[in-house]
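Here's a walk through a protein–DNA model, written for someone who likes to check the atoms. Have the viewer open as you read.

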2 protein chains.
Amino acid sequence: MKVLSKSSEYGLRALLYMVGKRGGEQEYVSIREMSEQLDISFHFLTKILQSLTQSNILASYRGPSGGVAFNIPPEKIMLSDVVRVLEGEDFFDTCLLGLPGCGEKKPCPMHQFWKEIKAALKHEFETTTLAQMGQITLDSRLRLMP
Amino acid sequence: MKVLSKSSEYGLRALLYMVGKRGGEQEYVSIREMSEQLDISFHFLTKILQSLTQSNILASYRGPSGGVAFNIPPEKIMLSDVVRVLEGEDFFDTCLLGLPGCGEKKPCPMHQFWKEIKAALKHEFETTTLAQMGQITLDSRLRLMP
DNA sequence: CCTAATTAAGAGTATTTTATCTTAATTAAA
DNA sequence: TTTAATTAAGATAAAATACTCTTAATTAGG
Ligand code: SF4
Ligand code: SF4
């Protein structure tokens, strides 16, 4: 059961790395550094973070000692914000069986159940911030989980 | 959020078609017929059903008026049985962030939540039978949902 | 026995996702 | 002002998934 694409996975890992890193404030974090620390393809990660920059979740700065930084404090960035950018707007609105147009009229026996699961997932993503995720996450997970 | 692969989607749709079809008993249903009625590639569907046959969920019969039939009554086939065959054994055992080895030691803030969601999903799939799904499903869904 | 209808099996193709490579633009610092 | 470090952007390639084609095996019925 693959919930998130590699893009989201890598994107989140990078964002969590950034949360863990910023001791004082808004310093630009090098994408190269992150790609090496997290063992993610540099160019791939660059693109992922680019789209987060274009969505104004991150700000970027080119040139030596450039990188990306939070454009919004991570206490205010919900996981759903990230996922919506990287997975698409309809991420929380799919049919369990992969069929289009979840029909309320004559639902299958899983419809109600799936509806609830989706709502729970959505709610959790919409109420969990990057900062919360970051609390425990940095080296205990990001580096050690292959 | 793509939960099931196309294989599972098509496989389930075919199985539900079969549930809806059998008026009396165990007649072999032609794969060609199903592929046309459900608008699924014949050869692709053949493979999917082949693996269900190899897993003894279905029985097959070659030659004129051959096809596939339930080897087990659909009242006793759980959705999880089908999904485990078509998606793999570890379908219900993945990490939300796509990282391997769900670690109980220092879990991220979503770990417990995701664990519960997974358990709920698993439970629902393990307690819902094909027959239950079939009750309402046949033409109201299978044909009309593109 | 012969033919047509069917599933089985495996090779081959197409599409999507994931990853890499190349070049351009920007910026700090020597 | 030159150089090196960096992100931006787009082309290309590899891998995974989804789908198609070809051939073989099986079986009912003429
Ligand atoms: S009724 Fe079932 S199959 Fe149809 S859209 Fe709802 S969950 Fe999906
Ligand atoms: S702690 Fe979070 S990221 Fe790690 S395995 Fe559990 S759910 Fe996945």
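What follows covers the fold of one chain, its hairpin, a few individual residues, and then the two DNA strands.

## What we're looking at

First off, this is a predicted model, so take the distances and angles below as values computed from predicted coordinates.

Chain A has 146 residues, and 49% of them count as buried. Its secondary structure comes to six helices and two strands, and along the sequence the order reads α-α-α-β-β-α-α-α. If you look at contacts in chain A with a separation of 6 or more, 66% of them link residues 24 or more positions apart. The accessible surface of the chain is about 7,400 Å², and carbon and sulfur atoms make up 50% of that.

## The hairpin in chain A

S1(A) and S2(A) run antiparallel and are joined by four bridges. Two of the pairings are easy to pick out: Tyr61(A) has Gly67(A) as its bridge partner in S2(A), while Ser60(A) is partnered with Val68(A). Five residues sit between the strands of this hairpin, and Gly63(A) in the turn has a positive phi of about 90°.

Which way do the residues of S2(A) point? Gly67(A) and Ala69(A) go one way, Val68(A) and Phe70(A) go the other way, and all are buried. That fits the textbook picture, where side chains in a regular strand alternate between the two faces of the sheet.

## Two positive phi values outside glycine

Ser65(A) isn't a glycine, yet its phi is positive, at about 60°. Look for Ser65(A) in the loop between S1 and S2 of chain A. Is Ser65(A) buried or exposed? It counts as exposed, because its relative accessibility is 71%, and the cut-off for that class is over 50%.

Asn56(A) is another non-glycine residue with a positive phi, this one near 65°. The loop that holds Asn56(A) runs between H3 and S1 of chain A. With a relative accessible area of 48%, Asn56(A) is classed as partly exposed.

## A buried serine

Ser80(A) is in helix H4 of chain A, which spans residues 79-87. Its relative accessibility is 2%, so Ser80(A) counts as buried; the limit for that label is under 20%.

What does Ser80(A) touch once you leave aside neighbours within four places in sequence? The contacts are Phe92(A), Phe125(A) and Glu126(A).

## Around DNA strand C

There are 26 residues around DNA strand C, and Ser41(A), Phe44(A), Tyr61(A), Ile31(B) and Ser60(B) come nearest. On the DNA side, sugar and phosphate account for 62% of the strand C atoms that come within 4 Å of the protein. Both chains pitch in: helices H1 (6-21) and H3 (42-54) of chain A, plus helix H3 (42-54) and strand S1 (58-61) of chain B, each supply at least two residues of the nearby surface. H3(B) gives the most, with four residues. By class, that surface splits into eight nonpolar, twelve polar and six charged residues.

As for polar contacts, a side-chain N or O atom of Tyr10(A) is 3.0 Å from a phosphate oxygen of strand C. Lys6(A) also reaches a phosphate oxygen, using a polar backbone atom at 3.4 Å. A base oxygen of strand C is 3.4 Å from a polar backbone atom of Gly63(B).

## Around DNA strand D

DNA strand D has 27 residues around it, with Ile31(A), Ser60(A), Ser41(B), Tyr61(B) and Pro64(B) coming nearest. Of the strand D atoms within 4 Å of the protein, 64% belong to sugar or phosphate and the rest to bases. H3 and S1 of chain A, along with H1 and H3 of chain B, each supply at least two residues of the surface near strand D. H3(A) has the largest share, at five residues. The class counts for this surface are eight nonpolar, 13 polar and six charged.

Which atoms of strand D does the side chain of Lys47(A) approach? One of its N or O atoms is 3.0 Å from a base nitrogen. Gln50(A) has a side-chain N or O atom 3.5 Å from a phosphate oxygen, and a polar side-chain atom of Ser41(B) lies 2.9 Å from a phosphate oxygen of this strand.

Note on methods. Residues numbered from 1 in each chain as written. Chains lettered and ligands numbered in written order. Predicted model: local features only at pLDDT ≥ 70, side-chain atom pairs only at ≥ 80, totals over all residues. Heavy atoms only, no water. Near = heavy atom within 4 Å. Polar contact = N/O pair within 3.5 Å; in protein donor to acceptor, adjacent residues only side chain to side chain. Nonpolar A, V, L, I, M, F, W, Y, C, P; charged D, E, K, R; others polar. Buried < 20%, exposed > 50% of the residue type's maximum accessible area, 1.4 Å probe, protein only. Contact = heavy atoms within 4.5 Å. Areas by Shrake-Rupley, 256 points an atom, 1.4 Å probe, with all protein chains shown as cover. Pairing = 2+ DSSP bridges.
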